[in-house]
Amino acid sequence: MKVAIQGIPGSFHHQVALNYFGPQTEVAPYRTFEEVAGAVASGKVDYAVMAIENSIAGAILPNYELIDRYGLYIFAEYYLPISHHLMALPGQQIEDIKEVRSHPMAILQCKKFFQQYPGILLQDDVDTASVAKRISEEKIKGVAAIASKTAAEIYHLEILATDIQTVKDNFTRFILLQKDFPGLKEVPEKASLKIIISNEKGSLAKLLTLMSDFDLNLTKIQSIPVMEKPWNYAFFIDTEFDDYEKYKIALKAIEEKGGEVRIFGEYHKGR
Ligand SMILES: O=C(O)C(=O)C[C@]1(C(=O)O)C=C[C@@H](O)C=C1
């Protein structure tokens, strides 16, 4: 079994892959989310782990588009608590740091911390752990990484500041992807959907009312442009339900009213 991630050992994706699939899992590292999606779609790997939203920084919108374009299936979700630490070569002080590099989502989660250091330049990079590795291997002074404690340990960096994310309780929601619908083994209680409705007065209000009438609890709604039709939007919706049959009937009702529904995945609620 091979699992694609964006990032290298010490990254949060790597941690989720090992937590979910077990410590012996073969993890295939990629530099971009696009490459991760491509690896699953082409069958090079069996599964992928992909961050989709964070409790401080919000959604990673381009990843919704990738799941859609590559036709991938979401079979599970996983919530990971995220602690960010500032780390550099041993002996470096925070006063020596001119530049901090990390994954753009990690930088967003720590923006507030850096307000007290206006002289530090924040730079987007591939993933949290890759920066830690590069600083360590190339012995780069004056540059620090935002990464996990595990990354500091693996790449022998010293932590200059702990828990620098804006809010202590910080979570990233990851989704687990595979190429095809594997068939349902258990009754799901959550679904991720793409729904396209006509661009008419009240159409979104009607969709939401219908979902509520069928006892679907909307946990997320995100609008994404329909590229072929400028200023038209598709809605990516996560919904939870107690009654799977009733949920199926709701989907039929949405379609009967002219809505286009694509099921990205039906799965168990993560904790
Ligand atoms: O760079 C990493 O370590 C990642 O796993 C990426 C990522 C993300 O894509 O959001 C994962 C979790 C955190 O939210 C910060 C970064």
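This report describes the fold, the domains, the ligand surroundings and selected residues of one protein chain.

The structure is a predicted model, in which local features need pLDDT of at least 70, side-chain atom pairs count only at pLDDT 80 or more, and totals for chains, interfaces and linings use all residues. Residues are numbered from 1 along each chain as its sequence is written.

## Overall fold

The chain contains eight helices and 15 strands; helices (H or I, at least four residues) and strands (E, at least two) are DSSP runs, numbered from the N terminus. The chain is as compact as a globular protein of 271 residues, because its radius of gyration of 21 Å is close to the 18 Å given by the globule rule. That radius is taken over C-alpha atoms, and the rule is 2.2 Å times the number of residues to the power 0.38. Along its principal axes, the C-alpha trace spans about 65 × 40 × 35 Å.

Of the 271 residues, 37% count as buried. A residue is buried if 20 or more other C-beta atoms lie within 10 Å of its own, exposed if 12 or fewer, and partly exposed in between, with C-beta atoms placed from the backbone. Among contacts with a separation of 6 or more, 73% join residues 24 or more positions apart. Two residues are in contact if their C-beta atoms, placed from the backbone, lie within 7 Å.

## Domains and annotations

The domain assignment of the chain gives domain 1 (2-82 + 171-178), domain 2 (85-161) and domain 3 (191-264); such bounds come from an automatic or database domain assignment. The C-alpha centres of domain 1 and domain 3 are 24 Å apart. Their contact takes seven residues from domain 1 and six residues from domain 3. On the side of domain 1 that touches domain 3, helix 3 (residues 61-69) supplies the largest share, five residues. By class, this side of domain 1 has five nonpolar, no polar and two charged residues. Here Ala, Val, Leu, Ile, Met, Phe, Trp, Tyr, Cys and Pro count as nonpolar, Asp, Glu, Lys and Arg as charged, and the others, Gly among them, as polar.

From an unreviewed UniProt entry come the annotations "domain: Prephenate dehydratase" at residues 2-179 and "domain: ACT" at residues 192-268. UniProt positions are given in the numbering used here, feature names are shortened, and annotations may be inferred rather than shown by experiment. The two spans are set out below.

| Residues | Helix | Strand | Distance between end C-alpha atoms |
|---|---|---|---|
| 2-179 | 28% | 33% | 13 Å |
| 192-268 | 31% | 39% | 11 Å |

## The ligand and helix 5

The ligand lies between domain 1 and domain 2, because both give residues to the shell around it. Of the 14 residues around the ligand, Ser 11, Phe 12, His 103, Met 105 and Asp 127 come nearest; a residue is near a molecule or strand if its C-beta atom, placed from the backbone, lies within 6 Å of it. Helix 1 (12-21), strand 3 (47-54), helix 4 (104-109) and helix 5 (128-137) are the elements that give two or more residues to this shell. By class, the shell has six nonpolar, seven polar and one charged residues.

Helix 5 is mostly covered, with eight of its 10 residues buried. The buried residues include Thr 128, Ala 129, Lys 133 and Ile 135. Among the elements that cover the buried residues of helix 5 are helix 1, helix 4 and helix 6 (149-154), together with strand 9 (143-147). Just after helix 5, Lys 139 takes a positive phi of about 50°.

## Selected residues

Most residues other than glycine have a negative phi. Asp 163, however, has a positive phi near 45°, and is found in the loop between strand 10 (158-161) and strand 11 (171-178). Asp 163 counts as partly exposed because it has 14 C-beta neighbours inside 10 Å.

Trp 231 also has a positive phi, near 70°, and its place is in the loop between strand 13 (217-225) and strand 14. With 7 C-beta neighbours inside 10 Å, Trp 231 counts as exposed.

Tyr 233 lies in strand 14 (residues 233-240). With 15 other C-beta atoms within 10 Å, Tyr 233 is partly exposed. Not counting residues up to four places away in sequence, Tyr 233 touches Ser 223, Ile 224, Pro 225 and Val 226. The C-alpha atoms of Tyr 233 and Phe 114, 119 residues apart along the chain, are separated by 36 Å.
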